[in-house]
Amino acid sequence: MPSRKRPEAHKPRGASPLRILAVGRARADPAAALYRHYAERVTLWRLQLTEIELRDKLSPERIKAEEGARLLACVPEGCAVIALDERGEQATSRQLAARL
């Protein structure tokens, strides 16, 4: 099957990248393979992956609060935020694309 990758010139110049913020590190994890797969398919935006990882021994409540604070600290002012969670509302690919 031919590659669907478009030349770099088709990406909006000066546009902010599509930032993917993740908790944890995707090394050999299936999440790393998924990221690479979608990074090859997404052609309209530059992708930027930021991973945060807590190594401190904290209570589950404190970990959630710290992860949330670190994620929000990575979001530039004025950017829209779409949170994806396996327990969240399901959206089709078209619905997600419309939000982007």
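**View 1. A nonpolar surface patch made by Leu-84, Leu-96 and Leu-100 in a predicted model**. Leu-84, Leu-96 and Leu-100 make a nonpolar surface patch of about 290 Å², where patches are made of residues with over 30% relative accessible area and no salt bridge, like charges being joined within 9 Å and nonpolar side chains (Val, Leu, Ile, Met, Phe, Trp, Tyr) within 5 Å. A salt bridge here is a side-chain nitrogen of Lys or Arg within 4 Å of a carboxyl oxygen of Asp or Glu, and accessible areas come from the Shrake-Rupley method with a 1.4 Å probe, only the protein chains shown counting as cover for residues. Leu-84 lies in the loop between helix 2 and helix 3 (93-99), and with a relative accessible area of 69% this residue is exposed; buried means under 20% relative accessible area, exposed over 50%, and partly exposed in between (1.4 Å probe, protein chains only). The model is predicted, so that local features need pLDDT of at least 70 and side-chain atom pairs count only at pLDDT 80 or more, whereas totals for chains, interfaces and linings use all residues. Residues are numbered from 1 along each chain as its sequence is written, and side-chain values use heavy atoms, with hydrogens and water left out.

**View 2. The salt-bridge network of Arg-62, Glu-66 and Arg-70**. The count of salt bridges comes to two. In one of them the side chains of Glu-66 and Arg-62 meet at 3.5 Å, N to O, and these residues, being four apart in helix 2 (residues 60-73), are separated by about one helical turn. Arg-70 and Glu-66 form a salt bridge at 3.1 Å, N to O, and they too are four residues apart in helix 2, a separation of about one helical turn. Salt bridges that share partners thus join Arg-62, Glu-66 and Arg-70 into one network. Arg-62 is partly exposed at 43% relative accessibility, and Arg-70 is partly exposed at 30%.

**View 3. Glu-67, a buried residue of helix 2 without a salt bridge**. Glu-67 is buried yet has no salt bridge, and the nearest side chain of opposite charge, Lys-64, is 7.9 Å away; Lys and Arg count as positive and Asp and Glu as negative, while His and the chain ends are not counted. Leaving aside neighbours within four places in sequence, Glu-67 is in contact (heavy atoms within 4.5 Å) with Val-23, Ile-52 and Leu-54.

**View 4. Pro-76 and the cysteines Cys-74 and Cys-79**. Pro-76 is placed in the loop between helix 2 and helix 3 and, at 29% relative accessibility, counts as partly exposed. Pro-76 and Arg-19 are 57 residues apart in sequence and 9.8 Å apart in space, C-alpha to C-alpha. Cys-74 is partly exposed at 26% relative accessibility, as is Cys-79 at 33%. The count of disulfides, each a pair of cysteine sulfur atoms within 2.5 Å, comes to zero.

**View 5. The chain as the setting of the close-ups, with elements running β-α-β-α-α from the N terminus**. The chain has three helices and two strands, these being DSSP runs numbered from the N terminus (helices H or I, at least four residues; strands E, at least two). Of the 100 residues, 8% count as buried, and the accessible surface comes to about 8,700 Å², of which 52% belongs to carbon and sulfur atoms. Among contacts between residues at least 6 apart in sequence, 70% join residues at least 24 apart.
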